[in-house]
Amino acid sequence: MSAVLLSVVVPVYNEEPTLALLAARLRPALDGIGAAYEVVAVDDGSTDATPAVLARVRAEWPQVRVVRLRRNSGHQAALLAGLLRARGEYVASIDADLQDPPETIPQMLRLARAQQLDIVYGVRADRRSDSRFKRWTAGLYYRLVRRMVGKHVPAQAGDFRLLSRAAVEALRELGESRPVLRLVVPWLGFPSGEVRYQREERVAGRTKYPVSRMAALAADSITSFSAAPLRFATWLGLGGVVLCVLLVLGALLAYVMGATVSGWASLYVAVLFLGAVQLLCLGLLGEYIARIFTATQGRPAYFVSSDTADAPPEVEADSGAPTPLRAVR
């Protein structure tokens with residue numbers, strides 16, 4: 001292991017206008033820790049001038065490593081790639097949009113070393129900078145996740161965190177190719193602490209997490225960590241059976257009273273309800289079958305095209321499985 005105290009992983013996708021601004025704030029913060037560090041910028045298949053900007057930043061800042069993925073694999077995959085290739089005793093992760101302040105990272109490091117913590121979460125003090133819709137959906141997401149997964153998931157904590165080497169190696173041992181890190185990391189059970197901070201506006205560019213991706217993240221979070229949706233489908237099915245029994249009793253009563261012609265509205269509603277219940281249950285079951293199918297394929301979550309720490313660069317496939325990484329130790 002290289003004598004690097006701190007690694008900072010930055011997943012990057014089409015962040016051309018933000019990188020210079022990020023370097024201007026991140027470099028002074030890291031220079032102030034008084035120890036060796038590295039910045040692992042993971043280019044997640046960017047299609048703009050991001051690779052060229054990263055090359056310029058690296059030419060002026062020798063502690064920067066650039067890991068390029070062959071294609072856009074998604075934020076969580078890019079983050080996992082950086083974590084597993086980082087060489088530091090501690091590994092922090094931060095997005096390139098500067099919504100999470102880089103100046104907080106040294107504070108995380110000091111807390112982890114002073115209290116012998118393996119995980120330090122960056123927790124938002126409030127969400128005043130978000131829209132009302134974003135605040136409502138985020139609150140709903142964390143309430144739902146904490147209810148199903150457990151109270152150990154910190155509320156208002158995303159992917160801005162610091163991990164010890166032991167925690168990173170535990171992630172490697174899991175062998176899960178597509179983990180939702182904001183749930184997997186708390187599940188590890190390592191001693192943890194929190195640093196609260198004020199989240200800022202994105203400095204430039206457009207968000208890489210529109211509503212569709214947030215919905216996909218929520219679905220992955222629920223289906224990868226809990227069987228609650230399947231249990232919900234079971235209870236929904238039982239509720240449908242109870243409703244059917246009541247409707248049968250109502251039909252028999254109507255037959256006895258000679259009022260069998262009426263009731264088309266209740267029949268219409270019952271058919272629609274039962275059809276919707278069946279489709280919902282099939283959809284929930286399909287989500288889990290899809291995850292099983294993906295797991296059995298064994299395809300890696302990402303392919304590393306090059307790493308500036310390698311000499312010469314080579315193509316490497318990583319899946320998150322507990323296999324040794326070449327040219328990073």
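Two strands count as paired if DSSP finds at least two bridges between them. The model used in these exercises is predicted.

**Exercise 1.** Determine in which sense strands β5 and β7 pair, and over how many bridges.

Solution. Locate the strands: β5 covers residues 119-124, and β7 covers residues 192-197. The two pair in the parallel sense, over 6 bridges. Since at least two bridges are required, the pairing criterion is met by these 6 bridges. As a point of register, Val120 stands opposite Gly193 in β7.

**Exercise 2.** Sort the residues of β7 into a covered and an uncovered face.

Solution. Begin with the expected pattern: side chains in a regular strand alternate between the two faces of the sheet. In β7 the covered face holds Gly193, Val195 and Tyr197. The uncovered face holds Ser192, Glu194 and Arg196.

**Exercise 3.** Identify the residues with the most contacts inside the largest nonpolar core, then list what Val8 touches.

Solution. The largest nonpolar core has 35 residues. Those with the most contacts inside it are Leu6, Val8, Leu30, Trp61, Ile105 and Leu162. Leaving out residues up to four places away in sequence, Val8 touches Leu26, Leu30, Glu38, Val39, Val40, Ala92, Ile94 and Ile105. One of these, Val40, belongs to a second, separate core of 30 residues, which also includes Leu84, Val168 and Val184.

**Exercise 4.** Find which residues form a nonpolar patch on the surface, and place Leu249 in its helix.

Solution. The patch consists of Val242, Leu246 and Leu249, with about 290 Å² of accessible area together. Leu249 lies in helix α9, residues 228-256.

How values were computed. Residues numbered from 1 in each chain as written. Predicted model: local features only at pLDDT ≥ 70, side-chain atom pairs only at ≥ 80, totals over all residues. Heavy atoms only, no water. Patch = residues over 30% accessible without salt bridge, like charges linked within 9 Å, V, L, I, M, F, W, Y side chains within 5 Å. Areas by Shrake-Rupley, 256 points an atom, 1.4 Å probe, with all protein chains shown as cover. Salt bridge = Lys/Arg side-chain N within 4 Å of Asp/Glu carboxyl O. Helix = DSSP H or I, 4+ residues; strand = E, 2+ residues; numbered from the N terminus. Core = buried A, V, L, I, M, F, W, Y, C linked by side-chain atoms within 4.5 Å. Buried < 20%, exposed > 50% of the residue type's maximum accessible area, 1.4 Å probe, protein only. Contact = heavy atoms within 4.5 Å.
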